[in-house]
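User: Could you walk me through this one before I set anything up?
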Amino acid sequence: ISVIGLDLAKNVFQVHGTDARGKAVLKKKLRRGDVLRFFSSLPSCLVGIEACGSAHYWGRELRALGHDVRLIPPAYVKPYLKRNKTDAADAEAIAEAVSRPSMRFVAIKSEEQQAVLARHSVRDLLIRQQTGLINSFRGLLAEYGIIRAQGRQGFAALREVLDETNDTVPVPAKMALQVIVGEIDRLQATLAALEAEIKAQCRDDETCQRLMKIEGVGPITASRLTATLNDLT
């Protein structure tokens, strides 16, 4: 076996192996728990994996076993799919794609890089939730003819409606709106703590510090770039 295309899945993985001439010599399904045992028994070979969920983890694990692992963008695998999309066909297409000399690959990220990106993913998720809550808050108040400007100042002005002395909105509606505001406050506190962690990590990272010397690049952007791009030297 010279080249292996490995199609990842949650439980059952598909392996397609070829020899040095490109002839198929192995087609096999593997349970998740058997993957590392199987690859540890093979001589070092070129292993192609689509750059999808869990690909970086498997890339690190198989590389530690001595294999030359390459992650391929899914869009670059698709042209080599010869028939209907199945796990076996995907594995065969990956094996074909990874052996192409002109193929472009995705660098395997370290655990540290993925940890930083996890923070950014959680931050993005919380920001989307915050935006949704604010939009709901504005929409409910619009039903009472209360409209304010966009942005933080406009939202602060809208919150004044919840004042006990303000009778523009009925008490039951105020109580419902206070639930939304409480969730927004909780999210903002969590976001502030998360951003403080990202900024602290950036202060200790030499590459982040160099990136922040570029006009318009702050710690959040610098941290994301450092974790996303492997070579910024």
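Analyst: What follows takes up a helix contact and then the pockets. The model is predicted, with local features needing pLDDT of at least 70 and side-chain atom pairs 80 or more, while totals for chains, interfaces and linings use all residues. Residues are numbered from 1 along each chain, and side-chain values use heavy atoms, without hydrogens and water.

User: At what angle do H5 and H9 cross?

Analyst: The axes (lines fitted to C-alpha atoms over the stretch in contact, angles from 0 to 180 degrees between N-to-C directions) of H5 (residues 111-142) and H9 (residues 219-228) cross at roughly 135° and come within 8 Å; helices are DSSP runs of H or I, at least four residues. H5 and H9 are therefore oblique to each other, that is, outside under 35, over 145 and 65 to 115 degrees.

User: Which residues make the contact?

Analyst: Contact (heavy atoms within 4.5 Å) involves Gln-113, Val-116, Leu-117, His-120, Arg-123 and Asp-124 of H5, which meet Ile-220, Ser-223, Arg-224, Thr-226, Ala-227 and Thr-228 of H9.

User: Switching topic, what volume does the largest pocket have?

Analyst: The largest pocket (an open set of 1 Å grid points where a 1.4 Å probe fits, with protein on both sides within 12 Å along at least five of seven lines) has a volume, the space filled by probe spheres on the points, of about 310 Å³. It has 13 lining residues (an atom within 4 Å of a point), and Gln-130, Ile-134, Arg-152, Phe-155 and Gln-188 are the closest to its centre.

User: Which elements give two or more residues to that lining?

Analyst: Those elements are H5, H6 (151-159) and H7 (171-203).

User: And the second largest pocket, which residues lie nearest its centre?

Analyst: Thr-18, Gly-22, Ala-95, Glu-96 and Ser-99 lie nearest the centre of the second largest pocket, among 13 lining residues, and its volume is about 160 Å³. H4 gives the most to this lining, with three residues.
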